[in-house]
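User: I should be grateful for a close look at a single part of this model, together with the elements that surround it. Please present it as one connected account.

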Amino acid sequence: MTAGGGLVDAGPRSLAPGLLPVGPLGFGCWRLTTPSTAEARVLVEAALDAGLTLVDTADVYGLDWGGRGLGSVEERLGAVLVEAPSLRERMVLATKGGIVPGVPYDSSPAHLRAACEASLRRLGVEAVDLWMIHRPDPFTHPAAVAETLVALRDEGKILAAGVSNCTVAHLDALQAHLPFPLATNQVELSAAHLDPLVDGTLDRCLRDGTVPTAWSPLAGGRLATGAGPGDGAVRTELLAVLDRLARREGVDRTAVALAFVLSHPSRPVALVGTQRPDRIRAATAALRVRLTRADVYAVIEASTGEPLP
């Protein structure tokens, strides 16, 4: 379902058989570090009400953004689900494991199992809909990773499996040992970070029907704010193109930046991490944006600073 014949696909995405369809925008919990369960519940309810039905977290969320440490965001989300258990039925609950502070990555069977089971305890659920390897560990054989994922799924602790921050080669090596398809590949993708467009990541998703979930679709907020000077600054030419398209569409720059991510035919889910209910609701304006091929290529040229041949 595209807006007015444009490239933006506002229709639901199917991650795996047996899971609820999810909206094209998801709620990312990286910054859900509020000490208040009531405040967290307001945010989760606002996201679900706005159609952000994929709720994405990880065991390491809470190590920054003022969190209380490893697992603290999962604990807060778990407290929300205890307080309002009906919310669980409205979401596709996803979490990730495999990062160990100070190691930094561990995909050994013992660690992955322990990480998954710890996440279940913190979230207060018997199973998560989607569990992802947060970052690849090249010192664990993919056959051992696959064996662990199969066991966790057979035991009913996870309903689907995916990966995050993987190269195409890492993903292929793991998939070769799995009897079921990986549901998702979570990647950094935004108008300011185009690598997945050209490094084969999204092509691989198209080939196999894997749903890419895009973290930092607003480049950590820099596409909204314009960012300050330094290595993290967004090109002024890119901001100008986004602003021009925003004026034409009657939306803000954020909506156009999200719409750019949703324009790819691999049908990404863009993860929105704002901690303000009004901004969660405002993000859905992206679904009404109409972007043409001329528009998306203008964004790419402005982002790279190089004309396309």
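The account that follows should concern helix α4 (residues 142-154) and its surroundings.

Analyst: This is a predicted model, and the description below should be read accordingly. Helix α4 covers residues 142-154, thirteen in number by the count of 13 residues. At 1.5 Å a residue, a helix of 13 residues should span 18 Å, and the end C-alpha atoms of α4 are indeed 18 Å apart, so the length agrees with expectation.

The buried residues of α4 are V145, A146, T148, L149 and L152. Seen down the axis of α4, these buried residues fall within an arc of 160°, and they therefore line one face of the helix. The face turned away from that buried side carries the exposed residues E147 and D154. As for what the buried residues of α4 meet, they pack against α3, β4, β5 and α5 (168-175). Just after α4 comes G156, which takes a positive phi of about 80°.

Two of these packing partners are also related through helix α3 (residues 109-123). Helix α3 lies across β3 (92-97), β4 (128-133) and β5, and runs at about 140° to β4. The loop between β3 and α3 contains S107. With a relative accessible area of 2%, S107 falls under the 20% limit and is therefore buried. Apart from neighbours within four places in sequence, S107 is in contact with L112, I133, R135, D137, T140 and V145. One of these contacts, V145, is also among the buried residues of α4.

The strands against which α4 packs, β4 and β5, belong to a closed barrel of eight strands. The barrel runs β1-β2-β3-β4-β5-β6-β7-β8, with parallel pairing. Neighbouring strands of this sheet are turned by 30° against each other on average, direction ignored. As a general matter, strands of a sheet pair through backbone hydrogen bonds, either parallel or antiparallel.

From β5 (residues 158-164), the barrel continues to β6 (residues 184-188): the two strands run parallel and are joined by two bridges. Within this pairing, V163 has N185 in β6 as its bridge partner.

Further round the barrel, β7 (residues 211-215) and β8 run parallel and are joined by two bridges. Here T213 stands opposite V269 in β8. Strand β1 (residues 25-28) also runs parallel to β8, and three bridges join them. In this second pairing, F27 has V272 in β8 as its bridge partner.

Strand β8 (residues 269-272) itself shows how its side chains are directed: V269 and L271 point one way, A270 and V272 point the other way, and all are buried. In a regular strand the side chains alternate between the two faces of the sheet.

A second helix, α12 (residues 293-304), may be set beside α4. Helix α12 has twelve residues and reaches 17 Å from its first C-alpha to its last, close to the 16 Å expected at 1.5 Å a residue. At the start of α12, a side-chain oxygen of T292 reaches to within 3.3 Å of the backbone nitrogen of A294. The buried residues of α12 are D295, V296, A298, V299, I300, A302 and S303, and what covers them includes α6 (195-198), α9 (236-249) and α10 (253-262). Helix α12 is followed by G305, whose phi is positive, near 75°.

How values were computed
Residues are numbered from 1 along each chain as its sequence is written. This is a predicted model: local features need pLDDT of at least 70, side-chain atom pairs count only at pLDDT 80 or more; totals for chains, interfaces and linings use all residues. Side-chain values use heavy atoms; hydrogens and water are left out. Helices (H or I, at least four residues) and strands (E, at least two) are DSSP runs, numbered from the N terminus. The expected span of a helix is 1.5 Å times one less than its number of residues. Buried means under 20% relative accessible area, exposed over 50%, partly exposed in between (1.4 Å probe, protein chains only). Contact means heavy atoms within 4.5 Å. A polar contact is a pair of N or O atoms within 3.5 Å; within protein, one must be able to donate a hydrogen and the other to accept it, and residues adjacent in sequence count only if both atoms are side-chain atoms. Two strands pair if DSSP finds at least two bridges between them. Axes are lines fitted to C-alpha atoms, for helices over the stretch in contact, and angles run from 0 to 180 degrees between N-to-C directions. The arc is that of the directions from the helix axis to the C-beta atoms.
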